[in-house]
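Here are my notes for anyone opening this one for the first time. Keep the viewer open while you read and follow along point by point.

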Amino acid sequence: MPNLHFFRYLSTALLGGLLISLSSLALARDEAIATLDWTVAETLVVLGSPPQGVAQIDAYHAWVQAPALPESITDLGLRAQPNLERLAALAPDRILITPMFANLTPQLQRIAPVEMLELYRPEHETWQEILRLTRELGTLLKREEAAERMIENTELHLATLRQRLPANLAPILIVQFIDARHVRIFAGNSLYQAVVTQLGLDNAWQEKTNAWGFSLVALERLATIDARLVVVEPYPVGVEERLADSGLWQHQPSVRNESWVVLPPVWSFGALPSARRFAEQLVTALSEESP
C-alpha cells in the first residue's frame, strides 16, 4: 500500500504540473505585443491586454485621447519610421500592424512575427468590419470572451444613447479641419458614419468619399450646405483664430444660427473604443440646447 510520502510526492507533482499549466496559460495570454497602429492599441487596452510598445504615444493621446495608454508602454518612435533598435530591445512576441504600414513588414519581420489586421475596406460594411477586428484580436490574444463582452456592451450602450436623442433632428455634417480653408467631411465607410447609422441619424453629405470615408472640401463649400455642423477637434494650430475672422465660416448656416457643435478629439480611424466615445460625445452635444 502506498505510504504517506508517496501521497505527498504525488500531491506536490500534481500541484507543480497545475502551476506549470497555469503559468503557460498566463504567458499565452500576456505575450508581449507591439503595434504601430493606434486602432489596434486602443482595442488591446480595452480587451485588458495592452501592448508593450506603441508608436507616437504623445500623438496618440492628442488624437485618440482615450483609452489612455499605461505609462509602462514603450514609445516606438514615428509610426511610419519606428525606432527599430528600441523595438528589437523590447523583444515582442509579435508585432501587429494594419495595411497602412505594410511596407515596413520586411524590417519588422526580422524582429518578430508580424500579423496584418485589416479594417476600413471600402467593399465591406464598416460596423461589421469593426466587430470582425475586435473578434480577431480577441482570438489572437485568447480573450474571446472579453471581445464578445466589448461588442455586446458597446451595442447596448449605443442603443441606450439612441433613445436620448431628440426627435426630428436635422441632418448633420461631420468635419475636421485640415487648415483654415479646407476640411475633411466624413461619410461613406468612415467610423463616424458607422456610428451615425447606429444612432439613426442622417448625414447631409452624400457625395463620394475616399477609402477612409472622407472627402476633402474647401471651406466655401460648407456655406452651401444647410445642415448642423459637427466639428471634431483637434484644430490645427492657428485655425480657430482665423475662423473667427472668416466671412466664409460665418456664412455657414449652422454657424450663423449658432447651432453648430464641437466635439473633443476622437480617432476617426478607430474601432469600438473610438466608436463608443464618438457616440457619447455626439449624443451629448446634440441633446443640449443650442446657445
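1. Let's start with one residue: does Val195 count as buried or exposed? Val195 counts as buried, because its relative accessibility is 0%. Bear in mind as you look around that this is a predicted model.

2. Where does that valine sit, then? Val195 is part of helix α8. Setting aside neighbours within four places in sequence, Val195 is in contact with Ala275, Phe278 and Ala279. Another residue to find is Leu272: its C-alpha is 9.8 Å from that of Val195, although 77 residues separate the two in sequence.

3. Now zoom out to the whole chain. You should be able to find 13 helices and 10 strands. Of the 291 residues, 47% are buried. Among contacts with a separation of 6 or more, 62% are between residues 24 or more positions apart. The chain exposes about 14600 Å², and 53% of that comes from carbon and sulfur atoms.

4. Next, the sheet. Five strands form an open sheet with mixed pairing, in the order β8-β7-β6-β9-β10. At the edges are β8 (214-218) and β10 (261-263), each of which pairs on one side only. From one strand to the next, the twist averages 35°.

5. Look at how two of those strands meet. Strands β6 (residues 172-179) and β7 (residues 182-186) run antiparallel and are joined by 5 bridges. Asp179 is the residue to pick out here, as it stands opposite His182 in β7.

6. Which helices pack on the sheet? One is α8 (residues 191-199), which touches β6, β7 and β9 (228-232), with its direction at about 165° to that of β6. Another is α13 (residues 272-287), which touches β6, β9 and β10 and makes about 155° with the direction of β10.

7. On to the aromatics: how many aromatic pairs does a search of the whole structure find? There are 12. One of them is Tyr192 with Phe278, a stacked pair with 4.3 Å from centre to centre and 20° between the planes. Tyr192 belongs to helix α8 and Phe278 to helix α13, so this pair links distant parts of the chain, 86 residues apart. Both Tyr192 and Phe278 are buried.

8. Compare that with Trp249 and Trp260. Their ring centres are 5.1 Å apart and their planes stand at 90°, so this pair is edge-to-face. Trp249 lies in helix α11 (residues 247-250), while Trp260 is in the loop between α12 (253-256) and β10, so the pair ties together parts 11 residues apart in sequence. Trp249 counts as buried because its relative accessibility is 4%. Trp260, at 25%, counts as partly exposed.

9. There is a wider cluster to trace as well. Ring pairs link Trp38, Tyr60, Tyr120, Phe186, Tyr192, Trp212, Phe214, Trp267, Phe269 and Phe278. Tyr192 and Phe278 from point 7 are both in that cluster.

10. Finally, two arginines are worth a look. The charged end of Arg79 sits over the ring of Trp38, 4.0 Å from the ring's centre. Arg184 lies over the face of Phe214, at 5.4 Å from the ring centre. Trp38 and Phe214 are both members of the cluster in point 9.

Conventions. Residues numbered from 1 in each chain as written. Predicted model: local features only at pLDDT ≥ 70, side-chain atom pairs only at ≥ 80, totals over all residues. Heavy atoms only, no water. Pairing = 2+ DSSP bridges. Helix = DSSP H or I, 4+ residues; strand = E, 2+ residues; numbered from the N terminus. Axes fitted to C-alpha atoms, helices over the stretch in contact; angles between N-to-C directions. Contact = heavy atoms within 4.5 Å. Buried < 20%, exposed > 50% of the residue type's maximum accessible area, 1.4 Å probe, protein only. Areas by Shrake-Rupley, 256 points an atom, 1.4 Å probe, with all protein chains shown as cover. Phe/Tyr/Trp six-rings, centres within 6.5 Å; stacked < 30°, edge-to-face > 60°. Lys NZ or Arg CZ within 6 Å of the ring centre and 35° of its normal.
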